[in-house]
Amino acid sequence: ARTGTRHACTRSPKNDSDRTRSTRSAQEMEKSLLMALASAKAVNNSSMECWLDAAEGYATNTSANSSSMATCTYIDRSKHIHKVFHQHAMEKYLTKALKRARSGDKVSTEYWLDRADKSASNAMPNSISTYHEQAIEIQKELTGALHQQESKSEMDMNLSMALKSAKTGDKGAMILYLHIAEQYAEDAKAVEICNERGMDIFTKLVDRREYDLMCKYLTKAKHNVALGSGYSVNYWLAEAEKHGRDANALSTFHEHACSLRKELFDNYSNNALHFANRGEEVYMNVYLDQMEKYSAKALMSTPENRYFMAERISSIKSICASTQEKEKAIQTRISKGRLAS
């Protein structure tokens, strides 16, 4: 009996150690599986796999008697956790698809629906039917958003055409385009925007007769730019300005007038440069005077323009002076040559 008792006491620490290690491994496996489940619900694949690997390690580290049971538990729970992961992934991707659909982004919507479809096939048994039900609703949202985008685009285009017609004084065309734009305003917000822009466009309607006269005189001014007649250019520009009856017409006038004066300035400048290169100071000065009289003053409203024009005039005069110096030098050498002979 003593021998038996002694033998039992000798084996007891080892058995206790095995049981303790096995219990601890089982507990750690359970903790790892719970962490893997939490990661699955958060759709964090890398974290989930990391915790499943840890759980598998603890499952194989249990005692021989319970190792097989722990492994079976691990396998069953692991399959369930993977299904949970795909279930939550499907829901996450469907939410993203719905958001993209409502913004009318067809490509992104289809991308997230495809990912949700793949996850649904690996999730819970009822996930596929859930996916199809939600996918149909998402497609409806996408169709509605795309239609709304198309309507907004058509509304904007017709409002732009109405504004263009208003600026040229074509009242009939303006009203027609505004009416068409209204047909594409399908919700309260679009109707409000259409009405606000329509009222603004009405304020930009110009008097067609006056506008046509302004354009006619601008054309005459442009013709005289080509002829190099600065006096006539300024005369027709002044006549055109008289018929700019509103801010929009005047804006158009100033835009064209500035362009014509710049073109006139360049013409005079090029002619002055031509004679400067030949050293013909008298003709050069004629064109520089014309340039300053008819175009430069009108363009010198900003420091940048003043600097540019002063630099251009100075450059032309320098070229002329340089050419004259070269001519003098040549004439001097010729005269010396004659005296020497």
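## Salt bridges, a pocket and a long run of helices

Lys152, Asp156 and Arg197 are linked in a network of salt bridges. The model is predicted.

Me: How many salt bridges does a search of the whole structure find?
Reply: Side chains of opposite charge can pair when their charged atoms come close. The cut-off here is 4 Å between a side-chain nitrogen of Lys or Arg and a carboxyl oxygen of Asp or Glu. Searched throughout, the structure gives a total of 13.

Me: Which helices and strands make up the chain, and in what numbers?
Reply: From the N terminus on, the elements run α-α-α-α-α-α-α-α-α-α-α-α. The count is twelve helices and zero strands.

Me: What share of the contacts in the chain with a separation of 6 or more comes from residues 24 or more positions apart?
Reply: The chain has 341 residues, and 30% of them count as buried. Among contacts with a separation of 6 or more, the share from residues 24 or more positions apart is 67%.

Me: Which element gives the most to the lining of the largest pocket?
Reply: The pocket holds about 160 Å³ of space. Two elements give two or more residues to its lining: helix H7 (188-203) and helix H5 (127-167). With four residues, the element that gives the most is H5.

Me: How do the residues of the lining of the largest pocket divide into nonpolar, polar and charged?
Reply: The lining consists of Gln148, Ser151, Lys152, Met155, Tyr184, Glu186, Asp187, Lys189, Ala190 and Ile193. One of these, Lys152, also belongs to the salt-bridge network with Asp156 and Arg197. By class, the lining residues are four nonpolar, two polar and four charged.

Me: What span is expected for H5 at 1.5 Å a residue?
Reply: H5 has 41 residues. The expected span is 1.5 Å times one less than that number. From first C-alpha to last, H5 reaches 59 Å, close to the expected 60 Å.

Me: Which residue just after H5 takes a positive phi?
Reply: H5 covers residues 127-167. Just after H5, a phi of about 80° is taken by Gly169.

Me: Is Asn158 buried or exposed?
Reply: Asn158 lies in helix H5. Leaving out residues up to four places away in sequence, Asn158 touches Tyr177, Ile180, Ala181 and Tyr184. Its relative accessibility is 5%, and the cut-off is under 20%, so Asn158 counts as buried.

Me: How far apart, N to O, are the side chains of Glu28 and Lys31 in their salt bridge?
Reply: Both residues lie in helix H1 (residues 2-41). Glu28 and Lys31 are three residues apart, about one turn of the helix. Glu28 is partly exposed, with a relative accessible area of 25%. The N to O distance between Glu28 and Lys31 is 3.9 Å.

Me: Why are Glu239 and Lys242 separated by about one helical turn, and which of the two counts as exposed?
Reply: Glu239 and Lys242 sit three residues apart in helix H9 (residues 230-242), so about one helical turn separates them. Their side chains meet in a salt bridge at 2.8 Å, N to O. Glu239 has 16% relative accessibility and counts as buried. At 51%, the exposed residue is Lys242.

Me: Which residue meets Glu280 in a salt bridge?
Reply: Glu280 is partly exposed, with a relative accessible area of 22%. Its partner is partly exposed too, at 47%. The side chains meet at 3.0 Å, N to O, and the partner is Arg278.

Terms used. Residues numbered from 1 in each chain as written. Predicted model: local features only at pLDDT ≥ 70, side-chain atom pairs only at ≥ 80, totals over all residues. Heavy atoms only, no water. 1 Å grid on protein atoms, 1.4 Å probe; cavity = no way out; pocket = protein on both sides within 12 Å on 5 of 7 lines; lining within 4 Å. Points joined across faces, edges and corners; volume = space filled by probe spheres on them. Nonpolar A, V, L, I, M, F, W, Y, C, P; charged D, E, K, R; others polar. Buried < 20%, exposed > 50% of the residue type's maximum accessible area, 1.4 Å probe, protein only. Contact = heavy atoms within 4.5 Å.
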